[in-house]
Amino acid sequence: RRPEVITSLLRELCLRDGLRIALGGRDEESLEPILRFLIRYLVDPRYSNTLCDVCSVLLDMYSDVAGVSDHVDSLFAKLKQKISVELRFHSDVFRLLGTIEIILAANANN
């Protein structure tokens, strides 16, 4: 409900090398809220730096259990889709910025 508090807690766990301990040993039920939180807030610029780190650790820890639970697999698929959409968006924005720079440079030369 308060993503800034949860993200701050996750950042502190990262800084204190406690994230792997906090995320370890989880079953399907206890992974679900974490995955849902990442799906919802990963692309929010206020939280993305921390949540990208959390996502990376989570994927490292649980990539070997893929296929065990259809529900968790579907959440990981949603997370992957969310990341793919965000990467496409960033790619489009950078392409647009490049085009704008070319137009401004041509305008400055005239």
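Which residues are exposed on the other side of H1? They are Leu 9 and Leu 15. Keep in mind that this is a predicted model, and let's see what surrounds those two leucines.

## Helix H1: two sides

Helix H1 covers residues 3-15, which makes 13 residues. With 1.5 Å for each residue, you'd expect a span of 18 Å, and the C-alpha atoms at the two ends are indeed 18 Å apart, so expectation and model agree.

Now for the buried residues of this helix: Pro 3, Thr 7 and Leu 10. Look down the axis of H1 and you'll find its buried residues within an arc of 60 degrees, so they line one face of the helix. There's a handy rule behind this kind of pattern: an α-helix has 3.6 residues a turn, so residues three or four places apart point the same way.

What do the buried residues of H1 pack against? Their partners are helix H2 (19-23), helix H3 (28-41) and helix H4 (48-62). Just after H1 comes Asp 17, with a positive phi of about 55 degrees.

## A cluster of rings

The structure has 2 aromatic pairs. In one of them, the ring centres of Phe 37 and Tyr 41 sit 4.9 Å apart with their planes at 45 degrees; that angle falls between the 30 and 60 degree cut-offs, so the pair counts as tilted. Both residues belong to helix H3, where Phe 37 and Tyr 41 are 4 residues apart, or about one turn of the helix. Phe 37 and Tyr 41 are both buried, too.

Tyr 41 also pairs with Tyr 47: their ring centres are 5.9 Å apart and their planes meet at 85 degrees, so this pair is edge-to-face. How buried are these two tyrosines? Tyr 41 has a relative accessible area of 13%, while Tyr 47 has 6%. Buried means under 20%, so Tyr 41 makes the cut at 13%, and so does Tyr 47 at 6%. Put the pairs together and you get one aromatic cluster made of Phe 37, Tyr 41 and Tyr 47.

## Out in a loop: Gly 25

Where is Gly 25 found? Look in the loop between H2 and H3. Its relative accessibility is 84%, so Gly 25 counts as exposed, since the cut-off for that label is over 50%.

Gly 25 also shows how sequence and space can tell separate stories. Along the sequence, Gly 25 and Tyr 62 are 37 residues apart, yet in space their C-alpha atoms are 9.6 Å apart.

How values were computed
Residues numbered from 1 in each chain as written. Predicted model: local features only at pLDDT ≥ 70, side-chain atom pairs only at ≥ 80, totals over all residues. Heavy atoms only, no water. Expected span 1.5 Å × (residues − 1). Buried < 20%, exposed > 50% of the residue type's maximum accessible area, 1.4 Å probe, protein only. Arc of directions from axis to C-beta. Contact = heavy atoms within 4.5 Å. Phe/Tyr/Trp six-rings, centres within 6.5 Å; stacked < 30°, edge-to-face > 60°.
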